[in-house]
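Reader: I should like to learn how to read the features of a model of this kind. May we proceed from one feature to the next?

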Amino acid sequence: MFTKPIPGRTTAAREGDAVVLLIGMRINHFWAVHQWLPVMLSMFRMLKELARDPGRGLLGRILLTASPRTYYVVQYWESKEKLYAYASSPEMLHHGMWSIVNRKERAGKVRGHVGLWHETYVAPEGAYESIYFDMPEFGMGAASGVLPLERRGRYAKDRFAHRSGSATP
């Protein structure tokens, strides 16, 4: 369960563009457990669904909290196309969950007990870099593996300058 740190400095081995999705919820009324608990559980169900089928494109994820009210997941995706395909596929849980939210909203049954949000970023190769010091694989490094820092450059400017040849122009 406890991962040992990798000694020294490493960097994410990601090649090409990086797609990062931040998605989460905010509990607006703690007493409305019947409203926010199903939302939280549905996120765990979607993550489990994605873990069963790596071909869907989710490379890795980290569960985080911003406060006792706000919980979110940082997700690393293979491509924005795979992220969109998952989100819009009628066979997948995400599509069904949003259908429920949309129906409730149209019927006036959304009471503001729970807030939902997401932000998506596509960073072309050369527009992101990372460094991990005496850390286990984490973040993008956990999603794509890590390399000794020297393979990409000791300084951030060198890591930003790295090109794998698979980057989209």
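Reader: Which residues in H1 meet which residues in H3?

Author: Please note at the outset that the model is predicted. A contact between two helices is read by listing the residues on each side. From H1 come Ser-42, Arg-45, Met-46 and Glu-49, and from H3 come Leu-93, His-94 and Met-97. By class, this contact of H1 with H3 comprises three nonpolar, two polar and two charged residues.

Reader: At what angle do the axes of H1 and H3 cross, and within what distance do they come?

Author: The axes of H1 and H3 cross at roughly 160° and come within 9 Å. Angles over 145 degrees count as roughly antiparallel, and H1 is therefore roughly antiparallel to H3.

Reader: How is the pair H2 and H3 to be read: at what angle do their axes cross?

Author: The procedure is repeated here. Helix H2, residues 80–88, and helix H3, residues 93–106, have axes that cross at roughly 55° and come within 5 Å. H2 and H3 are therefore oblique to each other. On the H2 side the contact is made by Tyr-86, Ala-87 and Ser-88, and on the H3 side by Leu-93, His-94 and His-95. The residues of this contact of H2 with H3 divide into three nonpolar, three polar and no charged. Leu-93 and His-94 of H3 thus appear in the contact with H2 and also in the contact with H1.

Reader: Which residues of H1 are buried?

Author: One general idea is useful beforehand. An α-helix has 3.6 residues a turn, so residues three or four places apart point the same way. In H1, the buried residues are Trp-36, Met-40, Ser-42, Met-43, Met-46, Leu-47, Glu-49 and Leu-50. Among them, Ser-42, Met-46 and Glu-49 are buried and also take part in the contact with H3.

Reader: What covers the buried residues of H1?

Author: The cover includes helices H2 and H3. It also includes strand E2 (18–27), strand E3 (58–65), strand E4 (70–77) and strand E5 (114–123).

Reader: How does one check the length of a helix, and what span do H1 and H3 reach?

Author: The distance between the end C-alpha atoms is compared with the span expected at 1.5 Å a residue. H1, residues 33–52, has 20 residues and reaches 28 Å, close to the expected 28 Å. For the 14 residues of H3 the expected span is 20 Å, and the end C-alpha atoms are 20 Å apart, which agrees. H3 is followed by Gly-108, whose phi is positive, near 75°.

Reader: What is phi of Asp-134, and where is Asp-134 placed?

Author: The sign of phi is read together with the residue type. Asp-134 has a positive phi near 50° in a residue other than glycine, and its place is in strand E6, residues 132–135. With a relative accessible area of 39%, Asp-134 is partly exposed.

Reader: Is Thr-10 buried or exposed?

Author: Relative accessible area decides the matter, and buried means under 20%. Thr-10 has a value of 7% and is therefore buried. Thr-10 lies in strand E1, residues 6–12. Leaving aside residues up to four places away in sequence, Thr-10 touches Ser-130, Ile-131, Tyr-132, Val-146, Leu-147, Pro-148 and Leu-149.

Reader: Where is His-162 placed, and what does it touch?

Author: His-162 is in the segment after helix H5 (156–161). At 21% relative accessibility, His-162 counts as partly exposed. Beyond residues up to four places away in sequence, His-162 touches Glu-15, Glu-125, Gly-126 and Arg-152. The C-alpha atoms of His-162 and Tyr-71 are separated by 34 Å, and these residues are 91 apart along the chain.

Reader: What pattern does the protein chain follow along the sequence?

Author: A pattern of this kind gives the order of helices and strands. The protein chain follows β-β-α-β-β-α-α-β-β-α-β-α, with five helices and seven strands. Its C-alpha trace spans about 55 × 35 × 30 Å along the principal axes. Of the 169 residues, 34% are buried. Among contacts between residues at least 6 apart in sequence, 74% join residues at least 24 apart.

Technical notes: Residues are numbered from 1 along each chain as its sequence is written. This is a predicted model: local features need pLDDT of at least 70, side-chain atom pairs count only at pLDDT 80 or more; totals for chains, interfaces and linings use all residues. Side-chain values use heavy atoms; hydrogens and water are left out. Axes are lines fitted to C-alpha atoms, for helices over the stretch in contact, and angles run from 0 to 180 degrees between N-to-C directions. Helices (H or I, at least four residues) and strands (E, at least two) are DSSP runs, numbered from the N terminus. Angles under 35 degrees count as roughly parallel, over 145 as roughly antiparallel, 65 to 115 as roughly perpendicular and the rest as oblique. Contact means heavy atoms within 4.5 Å. Ala, Val, Leu, Ile, Met, Phe, Trp, Tyr, Cys and Pro count as nonpolar, Asp, Glu, Lys and Arg as charged, and the others, Gly among them, as polar. Buried means under 20% relative accessible area, exposed over 50%, partly exposed in between (1.4 Å probe, protein chains only). The expected span of a helix is 1.5 Å times one less than its number of residues.
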